[in-house]
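The following exchange explains the terms applied to a protein model. Each reply sets a value beside the rule it is judged by.

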Amino acid sequence: MLEAIVQTSLEVEIIQSPVPTPKKGEVLIRVICSGCNPKDWKAVVYTDTAMNSGDDIAGIVESVGPDVSAFKKGDRVAAFHPMGTSGGSYAEFAIAPAVTTFHLPAKVSFEEASTVPLPALTAVVGLYHSLGLPPPWAPTTTVTPLLIYGASTTVGAYAIKLASRSNLHPIIAVAGAGRGLVEGIIDPSKGDVIVDHREGHDAMVKKIRQALSDQGNLSIAHALDCVSGHGSLEVISEVVTPKGGAATFVLHEKDYNKPSKTLRTSITFAGYLHTGPFPVKPEQGINYIPDGRGQDFAFVYSNYLSKGLEDGWLKTHPYKVVPGGLNGLPGVMKSLRDNNVSAFRYVIRIEDTKVN
């Protein structure tokens with residue numbers, strides 16, 4: 001099979017590799033489309049290891065390993081591949097655990113589906129595991145403000161959709177150039193507002209406090225930070241209440257000592273669904289490491305994402321198809337590294353790959 005190996009230079013070598021064999025609890029998927037994530041370049045550069053770093057799969061089940069009963073050859077699926085392992089999505093075939101594989105409704109294209117698995121499941125881990133908020137099948141009846149920093153990122157946008165399903169409002173959505181996307185997914189009738197990080201720290205803090213005041217002098221106790229930038233640590237430290245306040249962060253490579261002085265801080269790590277909590281360092285400023293049965297959590301929410309797509313309340317993220325299939329990966333990796341992506345995802349169609 002064709003497989004793309006991302007080099008530490010972010011150039012890509014396309015090679016012929018054996019088709020992997022699914023092990024117990026695994027599914028082999030013929031990849032139609034792969035989503036591209038910022039972590040895909042980081043996984044290579046930060047570890048100084050060339051690899052097939054793709055983890056978002058949309059395709060057709062080719063075969064299943066032992067003890068897999070929910071899927072069969074020919075099923076249309078999307079899946080989250082375990083990060084940092086072989087069998088990634090930048091190839092003609094990929095491997096995923098059955099617990100992070102889910103059926104696709106006929107109305108959802110493979111391009112659309114490839115925007116879902118890793119970012120939506122990261123949002124799930126952030127909201128419901130790290131922050132412990134009410135699940136979407138048991139929406140809260142208590143007014144529960146939520147701050148989402150990086151609201152136009154793929155993780156942030158899925159977090160808004162899931163939070164709305166949980167009736168978590170008002171949502172304070174921090175965005176910049178991608179605010180147009182966010183305007184279409186928040187609910188101003190429930191107090192949701194957009195705060196533009198380009199206006200600066202003081203203006204942001206003022207707008208957040210005004211939004212909370214407008215809804216009845218509320219305080220905000222939960223924050224999901226998808227970017228750890230644009231002043232997020234300072235704003236979160238200032239506006240989230242120190243009385244039981246919690247903040248969770250998607251980027252694990254940053255220093256969170258500032259918010260940890262007054263808040264419960266955690267890392268939102270999608271790999272929890274496969275391997276358990278991220279091994280953080282105490283000096284990093286993370287003071288809370290939630291535990292649990294990650295694979296059970298994955299099974300429940302993966303199936304719930306499938307239902308959300310079928311029911312229509314879970315909409316996929318805007319995307320751009322990369323010309324040339326896997327041949328286009330070097331440009332994608334560099335664009336992601338340089339933060340030149342806002343409010344959309346790159347999608348690779350494997351069949352568009354050309355081999356010399």
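Q: Why are α3 and α10 called oblique to each other?
A: In this predicted model, α3 and helix α10 (residues 294–311) pack at an angle of about 120 degrees. Angles from 65 to 115 degrees count as roughly perpendicular and those over 145 as roughly antiparallel, the rest between them being oblique. The pair α3 and α10 is therefore oblique. Their axes lie 11 Å apart, and α3 passes α10 in a right-handed crossing.

Q: What makes the contact of α3 with α10, and how do its residues divide into nonpolar, polar and charged?
A: From α3 come Ala 120, Leu 121, Val 124, Val 125, Tyr 128 and His 129, and from α10 come Phe 297, Tyr 301, Ser 302 and Leu 305. Eight of the contact residues are nonpolar, two are polar and none is charged. Tyr counts as nonpolar under the rule used, whereas His and Ser fall outside both the nonpolar and the charged lists and count as polar.

Q: Why is α3 also described as oblique to α4?
A: Helix α3 (residues 117–130) and helix α4 (residues 154–165) pack at about 55 degrees, with 8 Å between their axes. An angle must be under 35 degrees to count as roughly parallel and at least 65 to count as roughly perpendicular. The angle makes α3 oblique to α4. The crossing of these two helices is right-handed.

Q: Which residues of α3 and α4 meet?
A: On the α3 side they are Pro 119, Ala 120, Thr 122, Ala 123, Val 124, Leu 127 and Tyr 128. On the α4 side they are Thr 154, Val 155, Tyr 158, Ala 159, Leu 162 and Ala 163. These residues comprise eleven nonpolar, two polar and no charged ones.

Q: How do the residues of the contact of α6 with α7 divide?
A: They divide into five nonpolar, one polar and three charged. His 201, Met 204, Val 205, Ile 208 and Arg 209 of α6 meet Glu 234, Val 235, Glu 238 and Val 239 of α7. Arg and Glu are both on the charged list. The axes of helix α6 (residues 201–214) and α7 come within 10 Å and cross at roughly 40 degrees, and the crossing is right-handed.

Q: Which strands stand at the edges of the open sheet, and why are they so described?
A: The sheet has six strands in the order β10-β9-β8-β11-β12-β13, with parallel pairing. β10 (193–196) and β13 (264–267) each have a single partner strand, so one side of each is left without a neighbour in the sheet. Neighbouring strands are turned by 20 degrees against each other on average, with direction ignored.

Q: How do you know that β8 and β9 pair?
A: Pairing requires at least two bridges. Strand β8 (residues 146–149) and strand β9 (residues 171–175) have four bridges, in the parallel sense. Leu 146 stands opposite Ile 171 in β9.

Q: Which strands of the sheet does α3 touch?
A: α3 packs on the sheet against β8, β11 (222–225), β12 (246–249) and β13, and its direction makes about 145 degrees with that of β13. Helix α7 (residues 232–239) also packs on the sheet, touching β8, β11 and β12, at about 170 degrees to the direction of β8.

Q: What makes the peptide bond from His 169 to Pro 170 notable, cis or trans?
A: The bond is cis, with omega near -5 degrees. Pro 170 is placed in the loop between α4 and β9.

Q: What is the sign of phi at Leu 10?
A: Phi is positive, at about 75 degrees, although Leu 10 is not a glycine. Leu 10 lies in the loop between β1 (2–6) and β2 (12–16).

Q: How do you know that the radius of gyration agrees with a compact globule?
A: For 356 residues, a compact globule would have a value near 21 Å; the protein has 20 Å, which agrees. Its C-alpha atoms fill a box of roughly 60 × 40 × 40 Å along the principal axes.

Conventions. Residues numbered from 1 in each chain as written. Predicted model: local features only at pLDDT ≥ 70, side-chain atom pairs only at ≥ 80, totals over all residues. Heavy atoms only, no water. Axes fitted to C-alpha atoms, helices over the stretch in contact; angles between N-to-C directions. Left-handed = near helix turned anticlockwise from the far one by under 90°. Contact = heavy atoms within 4.5 Å. Rg over C-alpha atoms; globule rule 2.2 N^0.38 Å.
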